[in-house]
Amino acid sequence: MIDDSNRNHEELIMTEPNAVRLTPKSALLVLIAIITLVTGYMLLGTALGVSDYLAMGFMFALYWGGIKGMEPSEFAPAVLGSLSGIGLAYAVHVVPNAMGTLGLVAVLTTIIAIVYASLLHILPMIINNALMLYLTIGTASFFNQHEGFLKSVVAVILIAAYTGVLNIVIRKLKSRMRAL
């Protein structure tokens, strides 16, 4: 058991090492913005017919926004890794069905090679934690449909465009606010 008696209460509450401490008022404003943005994403996803796969997009938003801090330099690797993970997950379902044991061996060999490349940081623009995250989720049985693959791709591209534009707008507004 860890002895936390020497740590103050605030340290124990803050679970993320670089977490920004918000005031209750600013947290409420952020919450309202999040509700508005999530509602907009859900409406767009429903209009595009991918509402059942919006979780795949939300996962991108969590990865790039929450884990990578919406850093512009992390956007392309997050998108490419996510889409590559969906593609590889789709191959896990389709290739063995089409090619039998040989297909299964081919897919597993590909996954082993990708894990090895990840360990060596080879092609990090594509082979990264986003790929591994989507590969893991995409191997679930609901994904065993051509439609699920395409709708997941649309959901990820939609949220990537949505959050990418949002990030640009926020950065420009912050820059203008600092100039005032």
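Which residue's side chain meets that of Glu74 in a salt bridge? In this predicted model, the partner is Lys68, and the separation between the two side chains, taken from N to O, is 3.9 Å. The structure holds one salt bridge, and that bridge is the pairing of Glu74 with Lys68. Glu74 has a relative accessible area of 26% and is therefore classed as partly exposed, and Lys68, at 28% relative accessibility, likewise counts as partly exposed.

The two residues of this bridge also lead to a pocket, since Lys68 and Glu74 both appear in the lining of the second largest pocket, together with Tyr63, Pro77, Ala78, Ser118, His121, Pro124, Ile127, Asn128 and Asn129. The space in this pocket amounts to about 180 Å³. By character, its lining residues divide into five nonpolar, four polar and two charged, and the largest share of the lining, three residues, is supplied by H4.

From the pocket we can turn to the interior. The largest nonpolar core has 22 residues, and those that touch the most other members are Tyr41, Met56, Phe60, Ile86, Tyr134 and Val156. Several helices contribute to this core, with at least two residues coming from each of helix H3 (54–67), helix H4 (72–99), helix H6 (129–138) and helix H7 (146–179). The largest share, seven residues, belongs to H7. Such an arrangement can be set beside a general tendency: in soluble globular proteins, nonpolar side chains tend to be buried together.

Val156 offers a view of how this core is put together. When its neighbours within four places in sequence are left aside, Val156 is in contact with Met56, Gly57, Phe60, Ser82, Leu83, Ile86 and Tyr134. Apart from the core just described, there is a second, separate core of 10 residues, which includes Leu88, Ile111, Ile114 and Ala117.

A last stop is Leu48, which lies in the loop between helix H2 (24–47) and H3. Is this leucine buried or exposed? Leu48 has a relative accessible area of 51%, and because the exposed class begins over 50%, Leu48 is counted as exposed. Leaving aside neighbours within four places in sequence, Leu48 is nevertheless in contact with Val154 and Leu158. Leu48 and Val154 are 106 residues apart in sequence, yet from C-alpha to C-alpha they are 8.4 Å apart in space.

Note on methods
Residues are numbered from 1 along each chain as its sequence is written. This is a predicted model: local features need pLDDT of at least 70, side-chain atom pairs count only at pLDDT 80 or more; totals for chains, interfaces and linings use all residues. Side-chain values use heavy atoms; hydrogens and water are left out. A nonpolar core is a set of buried Ala, Val, Leu, Ile, Met, Phe, Trp, Tyr and Cys residues joined through side-chain atoms within 4.5 Å. Buried means under 20% relative accessible area, exposed over 50%, partly exposed in between (1.4 Å probe, protein chains only). Helices (H or I, at least four residues) and strands (E, at least two) are DSSP runs, numbered from the N terminus. Contact means heavy atoms within 4.5 Å. On a 1 Å grid over the protein atoms alone, a cavity is a set of points where a 1.4 Å probe fits but cannot get out, and a pocket is an open set with protein on both sides within 12 Å along at least five of seven lines; lining residues have an atom within 4 Å of a point. Grid points are joined across faces, edges and corners, and a volume is the space filled by probe spheres set on the points. Ala, Val, Leu, Ile, Met, Phe, Trp, Tyr, Cys and Pro count as nonpolar, Asp, Glu, Lys and Arg as charged, and the others, Gly among them, as polar. A salt bridge is a side-chain nitrogen of Lys or Arg within 4 Å of a carboxyl oxygen of Asp or Glu.
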